[in-house]
Amino acid sequence: ARSVERDVESHLEEATGLLLRQFERRPFDHLVVGANAESLRPALTGEAHSYLLERVRGWVDIDEQLASTAEVLEAVRPVMDEQADAEERALFERLAAEQGTDGRAAVGLDAVLGALVERRVETLLVREGAEEAGVKCVTCGWMGPRGRTACPVDETALDEVENIVEPAIQAAIQQSAGVHVLRRGEEAGSPEAPFDAPVAALLRY
């Protein structure tokens, strides 16, 4: 029995060490642990570095040596979906709270594009498949909804853009803002967005 315990302890040390090295090379935000024996969980928790433990989102009962890639994905999917729902719900709650106090929130194409031009967007929220026509200045990068012909900044003739949502996403990424594409919410229990527009944003200020 003692020999088995030592083997288990050695395996856990090796596994957690490998995970930590992987994290140091390529940091990750979420970790789902597969262990086909629930008794291993306390031991693994005791061995793992705090950097790893604070990223654990759930445990699945699976034998990684026998399971195929598809079976592993199927096992972790409920944990992934639950985490994604929690993150989306937190974004929606914050957006609703900011809207309720006329705070740091923008809803609708006009308001969101204006905030992007002013580099105030912290997180851009985009409905999956959103498409809206718009205009963009090739000189300064100003963006707006369809209707204008000249840039309000430098009076350059504006280019029409079939889907201004795509440049909006690119601008958010270039400004180091987060981009969150809304889940479809088809399954029961999925959070419902507190806005009907194709885009919304949480603002830095």
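**A colleague's note: cysteines, sheet and overall form**

1. The sulfur of C151 has its closest cysteine sulfur in C140, 3.6 Å away, and that is too far for a bond. Seen from the other side, C140 likewise has C151 as the closest cysteine sulfur, at 3.6 Å. A disulfide would need the two sulfur atoms within 2.5 Å, and a search of the whole structure finds zero disulfides. Please keep in mind as you read that this is a predicted model.

2. Is C151 buried or exposed? C151 is buried, because its relative accessible area is 2% and the cut-off for buried is under 20%. Its neighbour in the point above, C140, has a relative accessibility of 41% and therefore counts as partly exposed.

3. Now for the whole protein. Its secondary structure comes to six helices and nine strands. The radius of gyration is 23 Å, well over the 17 Å that the globule rule gives for 205 residues, so the protein is more spread out than a compact globule. Along the principal axes, the C-alpha atoms fill a box of roughly 80 × 35 × 35 Å.

4. How much of the protein counts as buried? Of the 205 residues, 34% do. The accessible surface comes to about 12,800 Å², and carbon and sulfur atoms account for 47% of that surface. As for contacts with a separation of 6 or more, 73% are between residues 24 or more positions apart.

5. A good place to look next is the open sheet. Four strands form it, in the order β3-β9-β4-β8, with mixed pairing. Which strands are at the edges? They are β3 (105–107) and β8, each of which pairs on one side only. From one strand to the next, the twist averages 15°.

6. Within that sheet, strand β4 (residues 121–127) pairs with strand β9 (residues 199–203) in the antiparallel sense, over five bridges. If you would like a residue to find by eye, try L125, which stands opposite A200 in β9.

7. Which strands does α4 lie across? Helix α4 lies across β3, β4, β8 and β9, and runs at about 75° to β9. Helix α5 (residues 109–117) lies across β3, β4 and β9, and its angle to β9 is about 40°.

8. R89 is one residue to pick out in helix α4, which spans residues 69–100. Its relative accessibility of 32% is why R89 counts as partly exposed. How far apart in space are R89 and P191, which are 102 residues apart in sequence? Their C-alpha atoms are 5.6 Å apart.

9. Finally, have a look at Q175, in the loop between α6 (165–174) and β8 (178–182). Although Q175 is in a loop, it counts as buried because its relative accessibility is 11%, and the cut-off is under 20%. Which residues does Q175 touch, leaving out those up to four places away in sequence? They are L116, R119, R120 and R204. Of these contacts of Q175, L116 falls in the stretch 109–117 of helix α5.

Methods. Residues numbered from 1 in each chain as written. Predicted model: local features only at pLDDT ≥ 70, side-chain atom pairs only at ≥ 80, totals over all residues. Heavy atoms only, no water. Helix = DSSP H or I, 4+ residues; strand = E, 2+ residues; numbered from the N terminus. Buried < 20%, exposed > 50% of the residue type's maximum accessible area, 1.4 Å probe, protein only. Contact = heavy atoms within 4.5 Å. Pairing = 2+ DSSP bridges. Axes fitted to C-alpha atoms, helices over the stretch in contact; angles between N-to-C directions. Rg over C-alpha atoms; globule rule 2.2 N^0.38 Å. Areas by Shrake-Rupley, 256 points an atom, 1.4 Å probe, with all protein chains shown as cover.
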